[in-house]
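I opened this entry to keep a record of what I looked up, residue by residue and element by element. The notes follow the order in which I checked things.

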Amino acid sequence: MKERLRSFALSLGVDDVGFASADDYQSPLSPCIDSLFPGVRSIIVLASRESSSCVSPSPQVAMNGRLDVMAFIRASCYRLVRFVESRLGSPAMSIGFSYPMDLVNPQKAGIAEVSLRHAAVGAGLGVFGRHNLVIHPRFGTRIVFGAVLTKLELPSDPAVEGDYCTGCELCVDTCPARALDEEGKTDRLKCMGISQPYGIQAHIAFWSRYSDASPAEKKAMLDSPEYRSLWQASFIGNQYFCFRCFTACPAGSELREMG
Ligand code: B12
């Protein structure tokens, strides 16, 4: 069964696929997956390399590369769900790349329904590095994940052994927000200020200032580069303006071969 699923998933063009039984998915903060899908038994994790777009000095090109891989992972997860449901006759659910996220409950800020990094580790796709991202043994850090929850009994793939983090601390030193200074923790607000400068915090700040502004100031605010960027980020869905910890990491044999 696993091999049939693996070969279908790889035929979609993803770079790697791993399986974690529900018991081997351990995320300290995310909810128990049974509360999302009663009777869930396994997680199939898809891994896909982000293209070289993410190292472009143009934020537009870098974000477009992210949109590409997000759309690809999303479509791949949906195709896998369809395969599990129609060919294997078992219910399945896909997990979002980043969003939608619970933005209502303040205790859940920045915590996904399913932590894809912990799922990837449980599925034998990599290990955490100093940057708190998962390093794939071959593809390194520059890899993103998607996942499908199933009721199929699928034993976990073997865990990745060894430490693929080289300990170089390039991720820590290159972070313009100093969000990785404390080992084992990403300072979410510091990171978001740089990586998503037109996210919800920026919206709140903009509209708070707007509500206190005079009519002439309001007109100027709506004609500003800040508002244009906020508008674009909202209609695109999300915008990432920093990929430094993601791209500075030298780990991963195939990444090194690509130069
Ligand atoms: C919310 C979120 C963010 C938030 C908050 C990050 C955070 N603290 O978790 C912000 C906006 C800051 C963010 C930033 C980034 N993100 Co983000 N993010 C997510 C999201 C949607 C949810 C993460 C979550 O639930 N966190 C809460 C829980 C998991 O955190 P936690 O249990 O406290 O674990 C933290 C620490 O305890 C530590 N940790 C936990 N266990 C262990 C074990 C060891 C040994 C170590 C060393 C550390 C460690 O790592 C966590 C980081 O703080 C996921 C997608 C998803 N559904 O999982 C993507 C995701 C984690 N992000 C991703 C990426 C790529 C990024 C960025 C590079 C931005 C970008 N340009 O793409 C940066 C990297 C920041 C960094 N170095 O940590 C990828 C990671 C891929 C990978 N190779 O690991 C994911 C998986 C998206 C995806 N679909 O692939 N992200």
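**Entry 1, Y240.** I began with Y240 and asked whether its position is buried or exposed. I found 20 C-beta neighbours inside 10 Å, and since 20 is the number from which a residue counts as buried, Y240 counts as buried. I note here that I am working on a predicted model throughout. Y240 sits in the loop between helix 8 (225-236) and helix 9. Setting aside residues up to four places away in sequence, I listed M63, R66, S195 and Q196 as the residues that Y240 touches. I also looked up the pair Y240 and Y198, which are 42 residues apart in sequence and 8.8 Å apart in space, C-alpha to C-alpha.

**Entry 2, helix 2.** Two of those contacts, M63 and R66, took me to helix 2, where both appear among the buried residues. I wrote down the buried set of helix 2 as A62, M63, R66, M70, I73, S76, C77, L80 and V84. What covers these buried residues includes helix 1 (2-11), strand 2 (42-49), strand 3 and strand 6. As a check on geometry, I compared spans: the 29 residues of helix 2 should span 42 Å at 1.5 Å a residue, and the end C-alpha atoms are 41 Å apart, which agrees.

R87 belongs to helix 2 as well, but I found that R87 counts as exposed, because it has 11 C-beta neighbours inside 10 Å. From R87 to T141, 54 residues apart along the chain, I read a C-alpha separation of 33 Å. Just after helix 2, G89 takes a positive phi of about 65°.

**Entry 3, the nonpolar core.** Which residues touch the most other members of the largest nonpolar core? Of its 57 residues, I43, I44, V45, L46, A119, A120 and A147 do. Helix 2 (residues 59-87) supplies the largest share of this core, with 7 residues. I then followed I43 outward and, not counting residues up to four places away in sequence, recorded contacts with A20, A22, Y25, A119, A123, A147 and L149.

**Entry 4, D157.** A123 came up again when I turned to D157, which, leaving aside its neighbours within four places in sequence, is in contact with G18, F19, A123 and G124. D157 lies in the loop between strand 6 and helix 4, and I scored D157 as buried because it has 20 C-beta neighbours inside 10 Å. D157 and C171 are 14 residues apart in sequence, and I read 28 Å between them in space, C-alpha to C-alpha.

**Entry 5, backbone exceptions.** Most residues other than glycine have a negative phi, and most peptide bonds are trans, so I searched for departures from both. N132, in the loop between strand 4 (127-128) and strand 5 (134-135), has a phi near 65°, a positive value in a residue other than glycine. N132 is partly exposed, with 16 other C-beta atoms within 10 Å. E169, in the loop between strand 6 and helix 4 (170-174), also has a positive phi of about 65° although it is not a glycine. I counted E169 as partly exposed, with 13 other C-beta atoms within 10 Å. For the peptide bonds, I noted a cis bond joining Y99 and P100, with omega at about 5°; P100 is placed in the loop between strand 3 (92-95) and helix 3.

**Entry 6, the ligand.** How many residues surround the ligand? I recorded 36, of which the closest are A112, F128, L133, V144 and T186. The elements that give two or more residues to this shell are helix 3 (116-122), strand 6 (143-150), helix 5 (188-195) and helix 9 (244-248). Helix 5 gives the most, with 4 residues. Sorted by class, the shell holds 21 nonpolar, 12 polar and 3 charged residues.

**Entry 7, helix 6 and the domains.** I checked helix 6 (residues 200-212) in the way I had checked helix 2: its 13 residues should span 18 Å at 1.5 Å a residue, and its end C-alpha atoms are 19 Å apart, which agrees. The number of buried residues among those 13 is 0, so helix 6 lies largely in the open. Last, I looked up the division of the protein into domain 1 (2-164) and domain 2 (197-236), whose centres, taken over C-alpha atoms, are separated by 34 Å.

Methods: Residues numbered from 1 in each chain as written. Predicted model: local features only at pLDDT ≥ 70, side-chain atom pairs only at ≥ 80, totals over all residues. Domains from an automatic or database assignment. Near = placed C-beta within 6 Å. Nonpolar A, V, L, I, M, F, W, Y, C, P; charged D, E, K, R; others polar. Core = buried A, V, L, I, M, F, W, Y, C linked by C-beta atoms within 7 Å. Buried ≥ 20, exposed ≤ 12 C-beta atoms within 10 Å, placed from the backbone. Contact = placed C-beta atoms within 7 Å. Expected span 1.5 Å × (residues − 1).
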